[in-house]
Amino acid sequence: MTATETGATGTGVPKFRIEGLAFGYGDAIVQHDVSFDVDDKSIFAIMGGSGCGKSTLMKTMIGLLEPMAIHVDDEDYWRATEERRAEIGRRFGVVFQSGALWSSMTAEDNVALPLRMFTRLNDAMIKDLARLKLSLVGLDMAPSTMPSELSGGMRRRVGIARALSLDPGVLFLDEPSAGLDPIAAKRLDDLIVELRNGFGVTVIMVSHELPSLLGICDDGIFLDAESKTVIARGSPKSMLEDKQHPVVRAFMHRERLAPEPHHRSIGDGNR
Ligand SMILES: Nc1ncnc2c1ncn2[C@@H]1O[C@H](COP(=O)(O)OP(=O)(O)O)[C@@H](O)[C@H]1O
Ligand SMILES: [Mg+2]
């Protein structure tokens, strides 16, 4: 099932509007002049070779790093009061690249953690909600199940359930299926589409995985490490045909570029 086959794609209403964004660390600019819209209820891909700044862009979008300009639902996110920013930020669910669960906590407690931190619900309600979120991602397990007892794919699902605990409108996923076998990766893709179609979640994901990019993403951008800006935008499918940028072609077709050291990591080499 692809996003196109389900008939459900973005609504055409921008959820995020990024204009002239520059980001980096200290004086080191990672990307500049980054402008793009993310449609509400779309599955949006952030693409590019290793080290081009995909994870940093994600962290900037959720407000962990200071951006130049960022709008959420037409509201100036960064210039809002700290209180308001926290309020907006609470509508984001995030699974970081390292997406680790707390290993000393049960899977259920991992999902319950944001509810314990940010709501005043009583313990019984929190437990019920955590179980509900787990069932939403297709997991039904004993309350005492520890993350170490789960497969890699199941742990990713717990991470997504945790990101969904506060009913976010936007779900950020940094390389959600990296390292999973193709079947687990496909199941995770199906889950992402279900979350968008069933709950209207806008998904912004960093991914290298061609099946995910081509199968479920409606739209996206390609960040270039060399020029340090966006060099292609649109659906990953449309990028297959990119004739202007060898680096985009190489990424989308898993080709190797001429052996400049800088380009060797594109698409994580031999994956
Ligand atoms: N905490 C940090 N401090 C300084 N530089 C960083 C930090 N994290 C990442 N970088 C650098 O920023 C660039 C982009 O990193 P990152 O966003 O992780 O890339 P990607 O996710 O596309 O692989 C890289 O050159 C990386 O070395
Ligand atoms: Mg990264």
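Strands β9 (residues 219–224) and β10 (229–233) form a hairpin with four residues between them. Lys228, in the turn, has a positive phi of about 55 degrees. The two strands run antiparallel and are joined by four bridges, and Leu223 stands opposite Val230 in β10. Strands here are DSSP runs (E, at least two residues) and helices likewise (H or I, at least four residues), numbered from the N terminus; two strands pair if DSSP finds at least two bridges between them. The structure is a predicted model, in which local features need pLDDT of at least 70 and side-chain atom pairs count only at pLDDT 80 or more, while totals for chains, interfaces and linings use all residues. Residues are numbered from 1 along each chain as its sequence is written, and chains are lettered from A and ligands numbered from 1 in the order in which they are written.

The hairpin belongs to a wider sheet. Six strands make up this open sheet, in the order β6-β7-β8-β3-β9-β10, with mixed pairing. β6 (92–95) and β10 stand at the edges with a single partner strand each, so one side of each is left without a neighbour in the sheet. On average, neighbouring strands are turned by 20 degrees against each other, direction ignored. Within the sheet, β7 (residues 170–174) and β8 (residues 202–206) run parallel and are joined by five bridges; Asp174 stands opposite Val206 in β8.

Helix α5 (residues 152–163) lies across β6 and β7, running at about 155 degrees to β6. Axes are lines fitted to C-alpha atoms, for helices over the stretch in contact, and angles run from 0 to 180 degrees between N-to-C directions. α5 also packs against two other helices, α3 and α6.

The axes of α3 (residues 107–118) and α5 come within 8 Å and cross at roughly 25 degrees. The two helices are therefore roughly parallel to each other (angles under 35 degrees count as roughly parallel, over 145 as roughly antiparallel, 65 to 115 as roughly perpendicular and the rest as oblique). Ala107, Asn110, Val111, Leu113 and Pro114 in α3 meet Val158, Ala161 and Arg162 in α5, two residues being in contact if their C-beta atoms, placed from the backbone, lie within 7 Å. By class, this contact has six nonpolar, one polar and one charged residues; Ala, Val, Leu, Ile, Met, Phe, Trp, Tyr, Cys and Pro count as nonpolar, Asp, Glu, Lys and Arg as charged, and the others, Gly among them, as polar.

On α6 (residues 182–199), the axis comes within 9 Å of that of α5, at a crossing of roughly 20 degrees, which makes α5 roughly parallel to α6. Gly152, Gly153, Arg156 and Arg157 of α5 make the contact with Ala184, Arg187, Leu188 and Leu191 of α6. These residues divide into three nonpolar, two polar and three charged.

α3 has a further partner in α4 (residues 123–136): the pair packs at an angle of about 120 degrees, with axes 9 Å apart. That makes α3 oblique to α4. The contact has seven nonpolar, no polar and five charged residues.

Finally, what surrounds ligand 1? The shell consists of Tyr25, Val30, Gly48, Ser50, Gly51, Cys52, Gly53, Lys54, Ser55 and Thr56, a residue being near if its C-beta atom, placed from the backbone, lies within 6 Å. Helix α1 (residues 54–61) supplies the largest share, three residues. By class, the shell has three nonpolar, six polar and one charged.
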